[in-house]
Amino acid sequence: MCAAPFHSRPVDSFRPETPNPFGPSLSRASVGAAEAPLLSLPKGRAERVSGRKLDSLDFAPMLTIANLSKYLGGREMFRDAGMRILSGDRVGLVGPNGIGKTTLLRMIAGEDSPDSGTIRLENRRTVGYLPQEAVAPSERSLLAEVTAHAGGLRALEAKLRLLEEELAAVTDEEIQERLTTEYGRLQSHFEALRGYDLEFEARRVLTGLGFVEDDLVKAVNTFSGGWRMRAELARLLLVSPDLLLLDEPTNHLDLSSLEWLESFLESYDGGILLISHDRPFLNRVTNTTMEIDNRKLFVYTGGYDNYLAARERRKTIAEAAQRNQAAKIAQVERFIERFRAKNTKATQVQSRIKALEKMERVEVDTDAARIKFRFPQPKRSGDIVMKLENICKSYGDNQVYDGLEFTIHRGDKIAFVGPNGAGKSTLLKMLAGVLDFDSGLREAGHHVSVAYYAQHQLELLHPQNTVMDEIRIVAPGDTETRLRTLLGSFLFRGDDVKKKVAILSGGEKARVALAKMLVKPANFLLLDEPTNHLDIPSRDVLENALKQFTGTLCFITHDRHLIDSVCDRVLEVREGTLTVHAGGYRAYEQARALRREGGAAGSSPDDSSSGTAAGVSGKKSREQKRQEATARAALRKRTGPLRQRVDRLESEIEKLSTREKQLNEQISDPELYADPAAIAEVTQTYHRTRKRIRELTYEWELKSLELEAMESGPGSGE
């Protein structure tokens, strides 16, 4: 994986650039003295942001943009735009696809340049940029690649070790004092960069993003594109730059990894500027929303939901101002027309003409064009839409399903959730009939017609085809008028239908793929990540269409808002078993919390909202209760040694943490620095203690996850 997607750039208007230990330097963006309008702090902002105590640096400007103008492909993207980001800000950048969000991030990262204006990073701040698309993968192992940009940390660590040796050997007091001062400065810098925790942090971040222990030694180029993007994200988070620029970071994450990333970013020490079309993600992570509209940047306090309300208020005010201005202009124009021919009024007329020419017209936000469609209301199917009986499916030695039973009824709207690799896409493909299984029976119901939207549907489009060519593949006999009407509802109007697929954006390709699915009506829709690459307005339209759809729906998505709005059941896929939860994503989260509590207590909650994969639930017979009690007893016996190990690890970590605190107090004692040998001994003991804590903590995390999986997996009595 080459270094291009990650950049860290300190910018200082008054000093030449110096080598940067965080990564390759970027070409400097346009830097000048002009100031952008100050981004004021949210009213009533507390002394903490995301649980982190603020200091004076949190209110210092980090990024300043002033008088920014940019043309791209002959189109004006920005005109005299300006804004500031402060150190405590977590900014969500919003606006429809094609409005310039990625262009803005690329300019801040130094990968593109403005046509005019300034982009200034204050006080030699560092920037890390995660683009949407991965670059060529590396042959290094995953762990080595993720820590590759820690070269500056390694150099600092070597210098600290050298200083420790010099302190132990030197006797001259003046030299000792100088070395001690330098050691303290470098040590503070090293700790601020989490140098002592580098490998542990790398493992923690990779685990949070869904990688397992065996993945750490695999070459990065053996992973799929989505997993390589996770590796890029892990590398960026590990370096921890002052300002994170994230372009669609959740696109390749499953729900558990997405929730982990939310928690990580909530406690992130630096500033964040991100693009995302995930509404719950924006609401949880961001405290400021920046909208691109009419080539300007507008800043709102709060997450996405707050932005929507504030935007409506701003639009109402702007419309009123526009009406008042229009009335004033009309009055002036009447004066000009009335007195244009009178010599006695010539001076006043010319004055008013010049005033009109110089007047800055009030612009009202124009709602971006949105896709407009409804799924064709399909022919009614039988009550049972699809039945899978005793299905077995393996990929080589990996058995995904063994004896799977699953029934779908007419009108069901089911969201499939679970970790990556659990078998969600495999299940959806078997239901769609596009993937064979090893044994068992797939039986479609009466009058069932299937439409399948694959996760990688965009990759199935033909780059050399035009948009119209792609639609004709699935509708060869339809008239051009009908096809143009359909494409027009997806914003392909006029000559847009002649565009080659190769030059379309990700969002445009997603719209083509959805349009192809809608040409012929179907009463059973199977959608794998249908919202990927769609902006929030387009997702809202898709959501409304799915809510109005009268057929049967199964879909995979990590869009929690879509799950809550559309589905009536959540199907959890985990380790070859299916568990149905009534309701949307919030109900599913509550069921998971109850299960975790039940597992910790060594018992299984009787959750009436959950049933079998076939949707069957009811009172438990005496035999069922006896079997569950036997299963719980067996589970306690099987997990006993593992639980004991977890308890021992917790106890040992607690003791070492107490020792670390004592050593830290010794290091902070000025009297220690009178004895160079004591300094070396205490610091070495301190480092060994911290290293041991990291090792035990990592083992504790793995064992705890293993214990949780055993308690909540098959045979746990749930």
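Helix α6 (residues 225-239) and helix α7 (residues 255-266) pack against each other at an angle of about 15°, and their axes lie 13 Å apart. That angle makes α6 roughly parallel to α7, where angles under 35 degrees count as roughly parallel, over 145 as roughly antiparallel, 65 to 115 as roughly perpendicular and the rest as oblique. The axes are lines fitted to C-alpha atoms, for helices over the stretch in contact, and the angles run from 0 to 180 degrees between N-to-C directions. Helices (H or I, at least four residues) and strands (E, at least two) are DSSP runs, numbered from the N terminus.

Before going further, please keep in mind that this is a predicted model, in which local features need pLDDT of at least 70, side-chain atom pairs count only at pLDDT 80 or more, and totals for chains, interfaces and linings use all residues. Residues are numbered from 1 along each chain as its sequence is written, and side-chain values use heavy atoms, with hydrogens and water left out.

Back at the helix pair, α6 passes α7 in a left-handed crossing; a crossing is left-handed if the near helix is turned anticlockwise from the far one by less than a right angle, and right-handed if clockwise. Which residues of α6 and α7 meet? From α6 come Arg-230, Leu-233 and Leu-237, and from α7 come Ser-257, Trp-260, Leu-261, Phe-264 and Leu-265. By class, this contact of α6 with α7 has six nonpolar, one polar and one charged residues. Here Ala, Val, Leu, Ile, Met, Phe, Trp, Tyr, Cys and Pro count as nonpolar, Asp, Glu, Lys and Arg as charged, and the others, Gly among them, as polar. Contact means heavy atoms within 4.5 Å.

A second pair to look for is helix α9 (residues 304-339) with helix α10 (residues 346-358), packed at an angle of about 145° with axes 10 Å apart. α9 also passes α10 in a left-handed crossing. On the α9 side the contact is made by Ile-329, Val-332, Glu-333, Phe-335, Ile-336 and Phe-339, and on the α10 side by Gln-348, Val-349, Arg-352, Ile-353 and Leu-356. These residues divide into eight nonpolar, one polar and two charged.

Now step back to the whole chain. How many helices and strands does the chain have? There are 19 helices and 21 strands. Of the 718 residues in the chain, 49% are buried, meaning under 20% relative accessible area, with exposed being over 50% and partly exposed in between (1.4 Å probe, protein chains only). Among contacts in the chain with a separation of 6 or more, 71% are between residues 24 or more positions apart.

Strands give good examples of residues that meet across the sequence. Ser-69 lies in strand β3 (residues 61-72), and at 11% relative accessibility Ser-69 counts as buried. Its C-alpha atom is 5.2 Å from that of Ser-116, although the two are 47 residues apart along the chain. Beyond its neighbours within four places in sequence, Ser-69 is in contact with Phe-78, Arg-79, Asp-80, Pro-114, Asp-115 and Ser-116.

Ile-391, in strand β12 (residues 384-395), is buried with a relative accessible area of 0%. Ile-391 and Leu-404 are 13 residues apart in sequence and 4.7 Å apart in space, C-alpha to C-alpha. Not counting residues up to four places away in sequence, Ile-391 touches several others, including Tyr-401, Met-430 and Phe-437.

Met-430 leads us to helix α11 (residues 424-432), where seven of the nine residues are buried, so the helix is largely enclosed by the rest of the structure. Those buried residues are Lys-424, Thr-426, Leu-427, Leu-428, Met-430, Leu-431 and Ala-432. Just after α11, Gly-433 takes a positive phi of about 80°.

Most residues other than glycine have a negative phi. Glu-248, however, has a positive phi near 55°, and is found in the loop between β8 (243-247) and α7. Glu-575 has a positive phi of about 50° and sits in the loop between β19 (569-574) and β20 (577-582). Are these two buried or exposed? Glu-248 counts as buried at 7% relative accessibility, whereas Glu-575 is exposed, with a relative accessible area of 53%.

One last loop lies between β17 (524-528) and α15 (536-548), and holds Thr-531. At 1% relative accessibility, Thr-531 counts as buried.
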